[in-house]
Amino acid sequence: MTRTLAPFPATRLRRLRKSPALRAMVRETSLAPSDFIWPVFLMAGKDEETAIPSMPGVTRKTIDRVVKAAVEARDLGIPAICLFPYTAMEHRTEDCAEAWNPNNLTNTAIRAIKDAAPEIAIMTDIALDPYNINGHDGYVEDGVIVNDRTVEALVKMALAQAEAGADILGPSDMMDGRIGAIRGALESAGYPDVAILSYTAKYASGFYGPFRDAVGASGALKGDKKTYQMDPANSDEAMRLVQRDLSEGADMIMVKPGMPYLDICRRVKDEFGVPTFAYQVSGEYAMLMAAAQNGWLDQEKVMLESLLCFKRAGCDGILTYFAPSAAKILNG
Ligand code: PBG
């Protein structure tokens, strides 16, 4: 595109920045509570919450408290909540069978939320790490994270979540072939309307540290996730993954982490034009909160700015731990 500007002083770009009214007129993107998916952490027990020290303001909640959170989210205009379980150590095994237990924390919470707030969409996470004795998203055999056996387990997990009433499944494991396998199983089992928001471009990132504390996987994890999560150096590879996941039946695409990967969000939106989400991950949240708590950044400003920038980069929505606090501000 060739751009011609009348030379200064005919063009004074500051004219349109002169007042709030003029700025509002030419604002290109906006932020609303309907842009958010709120990730919440589940734990066993009743009427309790535990703080996660590396995520100030975020807690693990018992199911009754998560139900209250879901009702609050709905009332704030947040369309979806995403569930992550803190699985008790005795339920973490080599075979990860707790992952498809119809009465595990996630599946029990799905039914409870559906009872109390059927309007809110429930998203889940599909990966073995909260159930795996070694903290990996897939089965480990002789030190190797094996693909195909893991996909069979993920399919069982997906069906149990669909059966419990999940609206959106979020495979976050980065195994090959999982989207097609899950989509096929959902069709055959009579769940044609369950959506898949694929963690498609999920990078092997240092920014997931606080999340692993939250789900209790930090201590367990041996090694890293580089044989299945993406190399942060790559962008073309992300486009191949998007194409692959869409061809296998994904409805929506996620880029993760968020802020350092806005270029990937923009490419996905421009090249594919599909519903595109970013995950502002635990480490991004922790950074902003730590600086705010030190008085080095204004929390409200950087929260809203960071979220708006995802929209500008082409995202349709953001998974963010800030969802309720940002929604409260946006609702005035
Ligand atoms: C698990 C999973 C992770 C996150 C979401 N699902 C962690 C990981 O891959 O190690 C990270 C979310 C966050 O950091 O906020 N497969």
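The following exchange covers aromatic pairs, charges over rings, a helix packing and some backbone features of a predicted model.

Me: What kind of model is this, and how are residues numbered?
Reply: The model is predicted, so local features need pLDDT of at least 70 and side-chain atom pairs count only at pLDDT 80 or more, while totals for chains, interfaces and linings use all residues. Residues are numbered from 1 along each chain as its sequence is written, and side-chain values use heavy atoms, with hydrogens and water left out.

Me: How many aromatic pairs does the structure hold, and what makes two rings a pair?
Reply: There are 10 aromatic pairs. Rings of Phe, Tyr and Trp (its six-membered ring) pair if their centres lie within 6.5 Å; planes under 30 degrees apart count as stacked, over 60 as edge-to-face and the rest as tilted.

Me: Why is the pair of Phe 84 and Phe 211 called edge-to-face?
Reply: The ring centres of Phe 84 and Phe 211 are 5.0 Å apart and the planes stand at 90 degrees, so the pair is edge-to-face. The pair links distant parts of the chain, since Phe 84 is in strand E4 (residues 80-85) and Phe 211 in helix H6 (residues 209-214), 127 residues apart. Helices (H or I, at least four residues) and strands (E, at least two) are DSSP runs, numbered from the N terminus.

Me: How do you know whether Phe 84 and Phe 211 are buried or exposed?
Reply: Buried means under 20% relative accessible area, exposed over 50%, and partly exposed in between (1.4 Å probe, protein chains only). Phe 84, at 2%, therefore counts as buried, and so does Phe 211, at 14%.

Me: What makes the pair of Phe 84 and Tyr 279 tilted?
Reply: The planes of Phe 84 and Tyr 279 are at 45 degrees, with 6.4 Å centre to centre, so the angle is neither under 30 nor over 60 degrees. Tyr 279 is in strand E11 (residues 276-280), 195 residues from Phe 84. Tyr 279 is buried, as is Phe 84. Both belong to one aromatic cluster, whose members include Phe 41, Tyr 199 and Phe 211.

Me: How do you know that Lys 256 lies over the ring of Tyr 279?
Reply: A charge sits over a ring if NZ of Lys or CZ of Arg is within 6 Å of the ring centre and within 35 degrees of the ring normal. Lys 256 lies over the face of Tyr 279, 5.1 Å from the ring centre. Likewise, the charged end of Arg 60 sits over the ring of Tyr 86, at 4.2 Å from its centre.

Me: Which peptide bond at Lys 256 is cis?
Reply: The bond from Lys 256 to Pro 257 is cis, with omega near -10 degrees. Pro 257 lies in the loop between strand E10 (252-256) and helix H8 (262-272).

Me: Why are H5 and H7 called roughly parallel?
Reply: Helix H5 (residues 178-188) and helix H7 (residues 236-248) pack at about 15 degrees, with axes 8 Å apart. That makes H5 roughly parallel to H7: angles under 35 degrees count as roughly parallel, over 145 as roughly antiparallel, 65 to 115 as roughly perpendicular and the rest as oblique. Axes are lines fitted to C-alpha atoms, for helices over the stretch in contact, and angles run from 0 to 180 degrees between N-to-C directions.

Me: Why does Cys 96 count as buried?
Reply: Its relative accessibility is 0%, so Cys 96 counts as buried. Cys 96 has a positive phi of about 60 degrees although it is not a glycine.
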